[in-house]
Amino acid sequence: MSGNKAYPEMMLAVFLEKAGGQLVVKETKVPEPGPGEVLIKMSAAPVNPSDLAQIRNAPAVYDLDTFIPGLEGSGRVIAAGKGILPRLWMGKRVACSNENHTSGTWAEYMVTKAGKCFPLGSKVSDEQGSMSLVNPLTALAFFEIAKQNRHRAIINNAAASALGRMIELLGKKQGIPVINLVRNQKQSELLRQLGSRYVLDSSDPLFLNDLETLSHELKATILFDSVCSRQLEEMCDVLPSGSTIIIYGNLSGEEQIMLKPRTLIANNIKIGGFYLGARAREWSLQEYDEYQGGERAYERRSEDQYTGPVSSAGGAGSCRYLPWKYVGRESIAGHVEKVLRSCGLAGLRSCSLGLWVCT
Ligand SMILES: NC(=O)c1ccc[n+]([C@@H]2O[C@H](COP(=O)([O-])OP(=O)(O)OC[C@H]3O[C@@H](n4cnc5c(N)ncnc54)[C@H](OP(=O)(O)O)[C@@H]3O)[C@@H](O)[C@H]2O)c1
């Protein structure tokens, strides 16, 4: 500890040694919170595919001497910068996401915008809380996109993933059928055991026939694809006319895929991408219009419940779902806990620095 600060000068954090090299744990200075920011003593952080993608791309984009990975996590707010929201979160256990690449969640302490945190209820464990943002907000965004564009059912690829299971669950909740695409029989059985009605195995010789039949039957005109494999070309051939394909991941690792212009034209297929960070920025702008900016007071209703346009105080949009809109009368923490539990996010293994790895 130094001076009156309730935290030490130095901390341990994860760094990438060199391009293509190992992750190493090194000592570095504990960051200080600026206006609108909080300092969090981290408790847990997951390893998401998005973290791995960020680490892979880091050498081309970031200075490796300062880059600390980790997009989301949980911990306790131990220092607050200027502003209403930082003061409101002071002392609270929160779910949080990082604000920039020099202060990630894979560290003992992290500085981030207060608007990128929300308080966790006492029933939510650190590990559950640490996975409250990236995948749950992505799943919610997919249904927002589907509804805005009046899609009656959706198709999701790599559907046995943590995110895929949330999408299936939200589909049931929102009355929008989900066709789950998986790559093998094991995943297919897993999803069926969890209660999924529509599951197609892409390794099955009848896969494309089944996809054609089911997507037409359910009017599933939007495909969310995180695999981006060569099979996408064949899928374009069988989707209902006018379908939209949204690419949100690249699990296949393919640098390039081929699509037939003739199919895209004849079948009127639209292709786009999705990145939660960009979507969150759009949310902030919309909220800015809606609330005409400015800092607003936050109304505290109970231990877990706050209302108010979080992004207007914190700047970032990733906590947009704090208002009741999407969670009815439940507290957000209770809602997230339920989502995570029903998605079967068990089997977590702890490793150094309070990181949690999905096994
Ligand atoms: N764009 C965004 O903003 C955004 C936000 C959140 C998540 N994502 C993406 O969403 C995807 C899922 O994330 P998650 O955290 O839910 O992942 P996860 O729980 O780690 O699950 C990954 C799943 O993908 C499957 N998979 C891996 N490689 C595959 C391939 N080549 N073909 C088919 N399936 C494959 C795995 O199957 P096995 O069990 O057989 O290995 C596993 O079921 C990732 O691509 C992630 O980057 C994107």
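I began with the pairing of Ile246, and in this predicted model I found that its bridge partner in strand S13 is Gly272. I then looked at the two strands as wholes, and noted that S12 and S13 (residues 270–273) pair in the parallel sense over four bridges. Following the chain between them, I saw that S12, helix H9 (residues 261–266) and S13 make a right-handed β-α-β unit.

Next I turned to strand S11, where I found that Phe224 has Ile246 of S12 as its bridge partner. I recorded that S11 (residues 220–225) and S12 (residues 244–247) run parallel and are joined by four bridges. With helix H8 (residues 231–238), S11 and S12 make a right-handed β-α-β unit.

I also checked the length of helix H7, residues 207–218: at 1.5 Å a residue, its 12 residues should span 16 Å, and because its end C-alpha atoms are 16 Å apart, the two values agree. After H7 comes Lys219, for which I noted a positive phi, near 55 degrees.

Last, I looked up the surroundings of the ligand and listed 24 residues, the closest being Ser161, Ala162, Leu163, Gly249 and Leu276. Helix H1 (49–61), helix H4 (134–148) and helix H5 (162–174) are the elements that give two or more residues to this shell. When I sorted the shell by kind, I had 14 nonpolar residues, nine polar and one charged. I asked myself where the ligand lies with respect to domain 1 (10–133 + 310–358) and domain 2 (135–274). Both domains give residues to the shell, so I wrote down that the ligand lies between them.

How values were computed
Residues numbered from 1 in each chain as written. Predicted model: local features only at pLDDT ≥ 70, side-chain atom pairs only at ≥ 80, totals over all residues. Near = placed C-beta within 6 Å. Nonpolar A, V, L, I, M, F, W, Y, C, P; charged D, E, K, R; others polar. Domains from an automatic or database assignment. Expected span 1.5 Å × (residues − 1). Pairing = 2+ DSSP bridges. Right-handed = clockwise from strand over helix to strand, strands pointing away.
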